[in-house]
Amino acid sequence: AFLEAVVKAEDKRFYYHPGFDPLALAKAFVGGLVGQRLRGASTITMQVAELLDNPQGAARPRRGFVQKIRQIGKAFALELKWRKRSILETYINLVHYRGELQGLSAASHGLFDKAPKGLTRPESAVMAALIRAPNAPVQKVRDRACRLLQILGTPEECGFLTPEHLSYVEEGYRIRPFMRMAPHVAKRLAAIPQLSGGLIRSTLDRQVQWVALHSLQKQITAMQSQNMNDGAVVVIENATGNVLAYVGNVGASSKATYVDAAVAQRQAGSTLKPLIFAKVIDERILTAASVLEDSPLAISVTTGLYRPANFDKAFREMVTVRTSLAASLNIPAVRALELLGVENFVQTLADLGFTGLERADFYGPSLALGSADVRLLELANAYRTLANNGLWSPLRFSPDVASDQTSRKVFSPEAAYIIKDILADRQARASTFGLENTLSTRFWTAVKTGTSKDMRDNWTVGFSEKYTVGVWAGNFSGAAMWNVSGVQGAAPVWQEVMNYLHRRETSDPQPPPAGLVRSKVNFVHNGETREEWFLSGTEPAVALIESASDVRSRISYPLDQSVIAVDPDIPKRNHKLFIQIVAPKSDQNLYLNGQRLGRAQAYLQWTPAAGKHVLELRDSKGVVLDRVAFEVRGRTFSTASP
């Protein structure tokens with residue numbers, strides 16, 4: 001397309017003349033006699049002869065008749081030695097197109113961010129129009145390109161030359177670095193049988209792809225001192241599922257340029273928490289105002305005890321679901337998963353399109369904190385499901401491929417709305433993240449971060465009214481980052497991409513579904529009164545928790561049916577077992593094997609004795625409030641005193 005456009009624009013009889021065009025020279029001569037400016041007589045071969053003498057294009061004095069004859073002679077000699085194809089190739093590689101862009105390859109990459117073989121017919125017409133007047137105003141370039149398209153027989157293609165398209169021409173004075181912008185998507189599309197053998201179209205937006213890639217590269221460079229070297233970004237249009245940007249890694253600077261981090265399995269961290277709470281709210285197990293215990297927790301699993309802790313190692317005693325999710329507290333999330341059931345949640349993840357999942361018993365309660373390996377692309381689409389009111393649908397990489405999968409409802413619109421409202425609540429997450437941070441935008445967004453064990457993975461996934469953006473940062477090698485959380489690592493990229501997407505448009509929250517009720521709730525335990533969203537029929541008539549003292553007193557350690565082994569190498573004086581009680585009262589007592597062990601308190605030391613034991617927590621009337629059975633094995637000391 002480009003070669004045809006150049007010949008039509010510069011030398012219509014190029015393939016037929018011997019280096020000079022007698023007809024064009026005659027017209028120019030007649031025009032000169034009547035006072036017109038001499039122009040149009042130079043053939044492509046004549047221009048090549050001049051470019052070979054002056055390849056840098058330095059200014060030359062205006063040629064007279066003698067200089068013109070010499071140029072014709074050089075062109076004729078060139079035609080005797082070179083083929084037409086070689087002359088044309090030399091021409092397009094030496095001529096200036098715009099600003100400092102000399103040669104077809106530099107101009108194609110600089111003006112349109114693509115290799116010359118990817119130039120469309122309208123783009124080729126623009127390039128050919130620039131040869132005669134490289135620095136002409138954009139509107140004149142467009143007019144010339146449109147006239148050329150008319151000559152080529154495709155005037156309708158002038159409609160493709162929009163102001164946004166031609167903005168690249170207007171900015172052509174700076175040379176963009178060459179890079180493969182989306183190699184992983186190209187490989188994905190090339191593998192689709194129905195797309196082979198012709199032009200392959202993708203859903204990617206070139207400008208969004210550029211911003212996502214540039215933002216990721218900039219952030220990785222800034223964080224390399226903290227051992228963050230790799231990352232990935234995906235941008236999805238909520239309504240259509242079109243993938244607008246797909247950055248599998250940072251490109252040429254990556255140590256593994258062929259690795260596609262957008263589909264690599266990495267630990268999810270806290271990014272699964274919104275999906276857990278969406279399900280427990282949907283099944284009416286909890287509400288956004290339900291109060292959960294944020295206190296020490298130990299759960300018996302096949303490998304021993306699982307004892308989750310919050311990121312800051314602190315406990316907040318009583319917290320609502322809203323605060324638990326927005327502030328990303330770990331222990332309340334584990335308690336919520338226990339209420340939902342791990343098997344139930346694994347099925348929910350499968351419904352959301354997650355692949356490569358293990359059986360439920362493989363994860364246990366740690367699934368609440370992201371022990372599952374997930375892919376960024378699937379995780380972003382799961383969040384898009386929340387943005388689309390609980391309706392999941394597959395993603396699209398090409399408009400020419402029809403999806404064979406239908407959409408499915410995973411969450412109710414009401415539950416999805418409540419989760420969106422929580423993830424957009426700056427005040428609710430302020431206790432962990434503060435009011436102003438890289439999760440804050442000037443328009444409505446709902447967002448969640450995640451950090452896996454030992455800071456090996458950083459995640460930030462969130463959505464606006466129209467777009468979902470997911471970012472992963474870490475190391476392909478699996479090495480841990482150094483003191484990098486999701487807010488520091490992935491979130492700055494998320495914010496920059498989201499701000500670009502909304503540079504000319506706003507984002508507003510969707511109206512609440514009809515099945516929601518907004519009700520005022522009094523939280524006496526912390527003196528707070530606020531309105532909260534509820535699924536119709538789940539709104540409380542009175543305060544949920546009157547005070548912290550209403551929490552059920554129970555034995556949190558040792559766990560029921562646990563086996564405790566004593567190390568024989570530990571001296572006798574150091575053999576101590578710490579019995580833990582949640583919310584102990586002053587009138588309560590502990591009994592071991594029917595004998596009073598002491599007054600109930602948060603922590604009580606006991607020297608272990610071999611054998612099977614029953615520990616009971618009783619009130620002042622002797623009523624058993626909680627009971628656990630456990631066994632001590634190994635060389636012990638036969639005292640049962642605290």
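**Close-up 1. An open sheet of three strands in a predicted model.** In this predicted model, three strands line up in the order β18-β20-β23 to make an open sheet, and their pairing is antiparallel. Strands β18 (554–557) and β23 (603–606) stand at the edges with a single partner strand each, so one side of each has no neighbour in the sheet. Neighbouring strands here are turned by 35° against each other on average, with direction ignored. If sheets are new to you, here is a helpful idea: the strands of a sheet pair through backbone hydrogen bonds, and the pairing can be parallel or antiparallel.

**Close-up 2. Where β20 meets β23.** Take a look at strand β20, residues 577–582, beside β23: the two pair in the antiparallel sense over four bridges. Which residue of β23 is the bridge partner of Ile 579? Find Leu 604 in β23, and you have found that partner.

**Close-up 3. Strand β14, an enclosed strand.** Is strand β14 largely enclosed or largely open? Seven of the seven residues of β14 (residues 457–463) are buried, so the rest of the structure largely encloses this strand. Follow the side chains along β14: Asp 457, Trp 459, Val 461 and Phe 463 point one way, while Asn 458, Thr 460 and Gly 462 point the other way, and all of them are buried. Being buried here means a relative accessible area under 20%.

**Close-up 4. The β13 side of β14.** Strand β13 (residues 446–451) runs antiparallel to β14, and six bridges join the two. One pair to look for is Gly 450 with Trp 459, its bridge partner in β14. The hairpin of β13 and β14 has five residues between the strands, and in this hairpin Asp 454 takes a positive phi near 60°.

**Close-up 5. The β15 side of β14.** β14 also pairs with strand β15 (residues 467–474), in the antiparallel sense and over seven bridges. Phe 463 stands opposite Thr 468 in β15. How many residues does the hairpin use to join β14 to β15? Count along the chain and you will find three.

**Close-up 6. The second largest pocket.** Now for some empty space: the second largest pocket holds about 1,600 Å³. It is lined by 32 residues, and the closest to its centre are Lys 114, Ile 200, Ser 202, Leu 204 and Arg 206. Rolling a probe the size of a water molecule over the atoms shows where empty space is left.

**Close-up 7. What lines the second largest pocket.** Four helices, α7 (121–132), α9 (163–170), α10 (183–190) and α11 (206–223), each supply at least two residues of the lining. Which of them gives the largest share? That is α10, with five residues. Sorted by class, the lining has 16 nonpolar, seven polar and nine charged residues.

**Close-up 8. Arg 284, a loop residue with a positive phi.** Arg 284 sits in the loop between α12 (273–282) and β6 (291–294). Its phi is near 60°, a positive value in a residue other than glycine. With a relative accessible area of 47%, Arg 284 is partly exposed.

**Close-up 9. Asn 483, another loop residue with a positive phi.** You can find Asn 483 in the loop between β15 and α20 (491–501). Phi of Asn 483 is near 55°, again positive in a residue other than glycine. Is Asn 483 buried or exposed? Asn 483 is exposed, with a relative accessible area of 55%, and the cut-off for exposed is over 50%.

Conventions. Residues are numbered from 1 along each chain as its sequence is written. This is a predicted model: local features need pLDDT of at least 70, side-chain atom pairs count only at pLDDT 80 or more; totals for chains, interfaces and linings use all residues. Side-chain values use heavy atoms; hydrogens and water are left out. Two strands pair if DSSP finds at least two bridges between them. Axes are lines fitted to C-alpha atoms, for helices over the stretch in contact, and angles run from 0 to 180 degrees between N-to-C directions. Buried means under 20% relative accessible area, exposed over 50%, partly exposed in between (1.4 Å probe, protein chains only). On a 1 Å grid over the protein atoms alone, a cavity is a set of points where a 1.4 Å probe fits but cannot get out, and a pocket is an open set with protein on both sides within 12 Å along at least five of seven lines; lining residues have an atom within 4 Å of a point. Grid points are joined across faces, edges and corners, and a volume is the space filled by probe spheres set on the points. Ala, Val, Leu, Ile, Met, Phe, Trp, Tyr, Cys and Pro count as nonpolar, Asp, Glu, Lys and Arg as charged, and the others, Gly among them, as polar.
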